[in-house]
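Work through the exercises below with the structure open beside you, and try each task before reading its solution.

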Amino acid sequence: MDVGSLPAGFDKRGLDKEALKRSFLEWLVYAVGKDTEHAKPHDWFTSVALAVRDRLVDQWMASTRSYYERDQKRVYYLSLEFLIGRSLENSMANLGIVETCREALQEIGVDLETLFETESDAALGNGGLGRLAACFLDSMATVGIAGYGYGIRYQYGLFKQSFDNGWQIEQPEDWLRGGNPWEFERPEVAYPIDFFGHVEPVESDDEEPKFRWVGGQRVLAVAYDTPVVGYGGRQINTLRLWSAKPTSAFDFDNFNRGDYLGAVQQKVDAETLSRVLYPNDMTEQGQELRLKQEYFFTSASLQDLLRRFRSNHENWDALPDKVAIQLNDTHPAIAVPELMRLLIDVYGLNWAHAWSLTSRTINYTNHTLLPEALESWSVGLMERLLPRHMQIIYEINARFLRQISKRSSRTRAGLDSLSLIDEHGGRRVRMGNLAFLGSRRVNGVSALHTELMKETVFRDLHALYPDRIVNKTNGITPRRWLHQCNRPLADLICQTIGDGWIGDLEDLQRLEPFAEDTGFKNAFEAAKQANKRRLADIIGQTLGQPVDPLSLFDVHIKRIHEYKRQLLNLIQTVALYNEMRDDPTADWQPRVKIFAGKAAPGYALAKLFIKLANDIAQKVNHDPAVRDLLKVAFLPNYNVTLAERIIPAADLSEQISTAGKEASGTGNMKLALNGALTIGTLDGANVEIRDRVGSDNIFIFGMTAAEVAALRAGGAFSPAETIAHDPRLKRAIDMIADGAFSPDDPDRFRPVIDNLIHHDPFLVTADFTSYADTQAVVDDLYRDRDAWVTKAVLNTARVGWFSSDRTVREYAQEIWQALPPLAEAAE
């Protein structure tokens, strides 16, 4: 094609094959600087991504203009993580041009699948928290909410995981090395962010004292914008990420004196803020950096959204009517004192007015019931790093406690539990309490989690504000987690009931009658087998371990944590291995145990779990006694793309956290949507999944949250006695403790076993017998292929309610009060 000629009437940004083909070639030549003979896959990826981005920009700008013209209420979603994965296929799919692009590229001699695989995952998150945020952005754009995502543009993300002799190795995830064609740098959008310094009084005629924060260190937050396309491309929102830059990149005086490192020290210090997600906080320096990061992106986001609000509104009283701020967990909880600081110190509002606006604009999503995971910061660190904010927190706390004292006859101990300052074991700021007090609504992310919030971590605050906590069960976007990642099943569903489910996932319920249709079930199983063959190839290529796609694929994919109980699965794996060795000629159901997930760099016990899994795999996979009956595969560097390969291939979904510990989970929803049956406790959203799919179509085991609480309250639980009562459990634990899987270092897993025998804080031993017995039930059912496939079809058909489209509509109606205009008209 001659890229210099343009036929009359030709739409340069059209969605037809010829327009796309021309764009691909133009970007290749004029942006990448290559011709078709010398272009490499990454060159083609960049040119195609830029051409697709072209198709987004006009509607992106039109969406923004429409928000201003309608004065539509904005929703600002503040999250330290946005685990968006790859963008090329997702953008094409939401525009409806995947096949057209494929045909256009075929005519040029380029394979689209190769380009999909060339793109790096955006390293902007770690687990469910970040993936939920990404799903919400997709759904807000799809349903018409004027949504903005705010986060940090990490240079290296969390880390790239590899294994060295089974041990986790962390390396930089250099995802920006080849550039990011989806983003637009906004160098003109830069906000000053201050740290350290001191607070001094300011003379004022007002009755209230005024203060000025004189910062000791300043960096700039520079914006990078990425368009977020909704399904059908009708509305496109924005993800704005902040990158830290110095106020001065180079010091000539230091350079001329020969201090070459000093010449760039300010640049290094500033850019460290946005280098890595979740720096190890086991050191004081790590804790300081974590708090700096949280304040950095929160302050920049608040300054930005207030600027946008003031461009259209002079009256501050309109702020809660035109702006809703959602805090995704406690990481951005510093937004409460920061919004107060901006309103009082910068814009001149009095305290009462500022607090009224703040507490009616901010909302907070809680994601954990683990007290240690509810962030807190030492008062000393806060006073040193953010002195004005600590002053504001003290004032919020004093006013709150005075108010409570007047309303009730609480003792000092009663007030201590409500205070924003934990005076025990070192004075610390309770960020969860701060977020609760400064929010209009506080929500849990599953029905069980929300009720437990009221009874545990926020019990006393809930008693004072009984209407503040509400439930919003998590959801997932069907575009990425079925339509995009599982083409064999998605195509089958579209052929059977049409494609309406892509925009309305509850339309999947129309599949229910086909659960008894032999032809459909055969096609459903064929789709599953195609996905299992693809995953088997990945396991073989990555680990050098062949696995049989006809085996039961038993999948446990989560970040590695004690409460998620990968250890329970591993112990049961050893017990099953022993049983197979004892009776190798029995009619065993072949299984492949598939694990994936990262352990935090400073979490030594979780790293030992990974090593244990790999050591078990090394022994089991090479034992001729069990042949192909049992294989163990731990795939490294779990991310969105790997999840998109594993989830469609899963037969069994492991959701086995200690009851009462998992807030919700979204992996459970993704796996069920793709036809996996769940084995799980009644924890998080498992409860609601059971209610939707039916108790006959899920494998529930173990104690309930109430039983867990009663066992702990009784004080009589003895892990050692529990172990002794189940010979399978005792034998497996003894093998691990005695070095059967670590002959080179027999005591390697002694910390794991000692913790289990003497403490077992997450009740692995208490639930083992029920778990192992339930796994035997799984085997029996899997042998009955007709019955298993019927249940798998019903899982897919009945989980449409778990769409993030439904979730964000509920947020918009009940929390943000920001339904899009068409939805408001329909109410």
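**Exercise 1. A salt bridge and the burial of its two partners**

R290 has a relative accessible area of 13%, so this residue is buried. With the predicted model in view, find which residue R290 forms a salt bridge with, and decide whether that partner is buried or partly exposed.

*Solution.* Begin with R290, whose relative accessible area of 13% is to be set against the cut-off for a buried residue, which is under 20%. Next, look for the partner: D281 forms a salt bridge with R290, and the closest N and O atoms are 3.5 Å apart. Finally, apply the cut-offs to D281, which at 29% relative accessibility counts as partly exposed.

**Exercise 2. The chain as a whole**

State how many helices and strands the protein chain has, and explain why the chain can be called as compact as a globular protein of its length.

*Solution.* First, the elements: the protein chain has 35 helices and 22 strands. Second, the radius of gyration is 28 Å, and because this is close to the 28 Å that the globule rule gives for 827 residues, the chain is as compact as a globular protein of that length. Third, for the extent of the chain, its C-alpha atoms fill a box of roughly 90 × 80 × 70 Å along the principal axes. Two further values complete the picture: buried residues make up 59% of the 827 residues, and the accessible surface comes to about 31500 Å², of which 49% belongs to carbon and sulfur atoms. As for contacts between residues at least 6 apart in sequence, 75% of them join residues at least 24 apart.

**Exercise 3. Two salt bridges, within a helix and across the sequence**

The structure holds 63 salt bridges. For the bridge of R22 with E26 and for that of K607 with E170, say where the partners lie.

*Solution.* It helps to recall that side chains of opposite charge can pair when their charged atoms come close. In the bridge between R22 and E26, the closest N and O atoms are 3.0 Å apart. Both of these residues lie in helix α1 (residues 17-32), where they are four residues apart, about one turn of the helix, and both are buried.

The side chains of K607 and E170 meet in a salt bridge of 2.8 Å, N to O. Because K607 lies in helix α24 (residues 604-620) and E170 in strand β4, this pair ties together parts that are 437 residues apart in sequence. Of the two partners, K607 counts as buried at 18% relative accessibility, whereas E170 counts as partly exposed at 31%.

Salt bridges can also be linked into a network, as those of R186, D225, R240, D304, R307 and R308 are.

**Exercise 4. A buried charge without a salt bridge**

Locate E173, and find which side chain of opposite charge is nearest to E173 and how far away that side chain is.

*Solution.* Start with the position: E173 is in the loop between β4 (167-171) and β5 (184-195). Then consider its charge, for E173 is buried yet has no salt bridge, and the nearest side chain of opposite charge, K598, is 4.0 Å away. Lastly, leave aside the neighbours within four places in sequence; the residues in contact with E173 are then A123, Q155, Y156, G157, F159, K160, K598 and N637.

**Exercise 5. Far in sequence**

Find where G166 lies, and state how far G166 and I616 are from one another in sequence and in space.

*Solution.* G166 is found in the loop between β3 (160-164) and β4, and at 11% relative accessibility this residue counts as buried. G166 and I616 are 450 residues apart in sequence, while their C-alpha atoms are 9.9 Å apart in space. Beyond its neighbours within four places in sequence, G166 is in contact with I610, K611 and N614.

**Exercise 6. The order of strands in a sheet**

In the open sheet made of β12, β13 and β14, work out which strands are the edge strands.

*Solution.* Strands of a sheet pair through backbone hydrogen bonds, either parallel or antiparallel. Here the order is β12-β14-β13, with antiparallel pairing. The edge strands are β12 (376-378) and β13 (421-422), each of which pairs on one side only. For β13, the pairing with β14 (residues 428-430) is antiparallel and runs over two bridges, and D422 stands opposite R428 in β14.

Key
Residues are numbered from 1 along each chain as its sequence is written. Side-chain values use heavy atoms; hydrogens and water are left out. Buried means under 20% relative accessible area, exposed over 50%, partly exposed in between (1.4 Å probe, protein chains only). Lys and Arg count as positive and Asp and Glu as negative; His and the chain ends are not counted. Contact means heavy atoms within 4.5 Å. Two strands pair if DSSP finds at least two bridges between them. The radius of gyration is taken over C-alpha atoms; the globule rule is 2.2 Å times the number of residues to the power 0.38. Accessible areas come from the Shrake-Rupley method with a 1.4 Å probe; for residues, only the protein chains shown count as cover.
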